[in-house]
Amino acid sequence: MIDNKLVVGYIGNGKSANRYHLPFITQRKDKFIVKSIFDIHVRHDIWSKIDGVQYTENVDDILNDPDIDMVVICTTHHLHYEYAKKVLNAHKHCLVEKPFMETSEQAKEIFALADSLNLYCSSYQNRRYDSDFLTVQKVIESGVLGDLLEVEMHYDYYRPEVPEGVHYFDPAFSFLYGHGCHTLDQVISYFGKPDNIHYDVKQILGTGRMNDYFDLDLYYGSLKVSVKSSYFRIKERPSFIVYGKKGMFVKQTKDRQEEHLKLFYMPDNDDFGIDKPEHYGVLTYYDDNHVYHEEKVPSVNGDYGRVYDGIYECIVNHKDQIITHDQTLLQMEILENGVKDLK
């Protein structure tokens, strides 16, 4: 550490690093120093060079650098296991993009290695800090809905060209792995381990094609939480619908951080990722006096960078790890079970 700041290196210099990590960690100059970024071919025609950061095409420059405390792996999923082992064996803390690994066995091995070396290791579950998800939590915890009955979570696209362009099946390249890793982590982080799960995971285009649809029902006693996604929804379903005995809450639009990042509108803007009134969810319920209410709920602001805040608190101030190994292992097992019968 330098001046009580964690020194960080990145493996991978593509969309993941430059869109979902660097804009947030570089806001936290009181906690982190980004020293080096590795890529097989360093180029700056898409992603601008960051002043003060060293770029290298030799990963050993990061692994063998005694100043670097933590390495963030932002490569394609099939390289996560290989690089995580190298990072941990270099005695550096490790943060890995989603999906964390290709299998739960790989995840168990990586976590065991991290524990044996007393190093931090987790998946980058930034979607815990989505505005829509945080707002749903606020509504649930207000109690106005009464006992929860059902939660529906949708993550829809109309991008038929994506599955239509894939003519093979790779479990870790499935829609469930690629996007279920967002929503399933939200469910696990808030509701915990389900009593049981019903899987409906499909290859709409047929055997030998990518998984392009999933609908998972996770049961918690009398509560059902449904996680649904499709590449073929020309109009998106609401991001969240929450039903309770006294009412319901509908959040139509998703968190806007990704929307802004895709436009290169970065977190240093005061209104970055913030919902406008037209994005607010609608809460409808009967109060204890049986009076009917329908009102908009101002959204809680999201912030992907809170993942880094939690990591700093864990490593430097010895607070509990927020994104736990057990949560990630449970998610990996659900992903594996979801696609195990596809070919």
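Trainee: Which residue follows α5, and what is the sign of its phi?

Mentor: Glad you started there! This is a predicted model, and in it G143 comes right after α5, with a positive phi near 85°.

Trainee: How many residues does α5 itself have, and what distance does the helix reach?

Mentor: A helix can be checked by setting its span against the expected rise of 1.5 Å a residue. Helix α5 covers residues 131-142, which is 12 residues. From first C-alpha to last, α5 reaches 17 Å, close to the expected 16 Å.

Trainee: Is α5 mostly covered or mostly exposed?

Mentor: Here, buried means under 20% relative accessible area. By that cut-off α5 is mostly covered, with 9 of its 12 residues buried. Among them are F133, L134, V136, V139 and I140, along with S131 and D132.

Trainee: Now for empty space. How many cavities are there of 30 Å³ or more?

Mentor: The general idea is friendly enough: rolling a probe the size of a water molecule over the atoms shows where empty space is left. In this model the count is 3 cavities of 30 Å³ or more. The largest has a volume of about 110 Å³, and 13 residues line it. Nearest its centre lie D130, D132, Y155, Q186 and S239. The elements giving two or more residues to that lining are β7 (148-156) and α7 (175-191).

Trainee: What classes of residue line the largest cavity, and what lines the second largest?

Mentor: The lining of the largest cavity divides into 3 nonpolar, 5 polar and 5 charged residues. The second largest cavity, of about 50 Å³, has 6 nonpolar, 2 polar and 1 charged. Its lining includes Y120, Y129, R306 and V307.

Definitions and conventions
Residues are numbered from 1 along each chain as its sequence is written. This is a predicted model: local features need pLDDT of at least 70, side-chain atom pairs count only at pLDDT 80 or more; totals for chains, interfaces and linings use all residues. Side-chain values use heavy atoms; hydrogens and water are left out. Helices (H or I, at least four residues) and strands (E, at least two) are DSSP runs, numbered from the N terminus. The expected span of a helix is 1.5 Å times one less than its number of residues. Buried means under 20% relative accessible area, exposed over 50%, partly exposed in between (1.4 Å probe, protein chains only). On a 1 Å grid over the protein atoms alone, a cavity is a set of points where a 1.4 Å probe fits but cannot get out, and a pocket is an open set with protein on both sides within 12 Å along at least five of seven lines; lining residues have an atom within 4 Å of a point. Grid points are joined across faces, edges and corners, and a volume is the space filled by probe spheres set on the points. Ala, Val, Leu, Ile, Met, Phe, Trp, Tyr, Cys and Pro count as nonpolar, Asp, Glu, Lys and Arg as charged, and the others, Gly among them, as polar.
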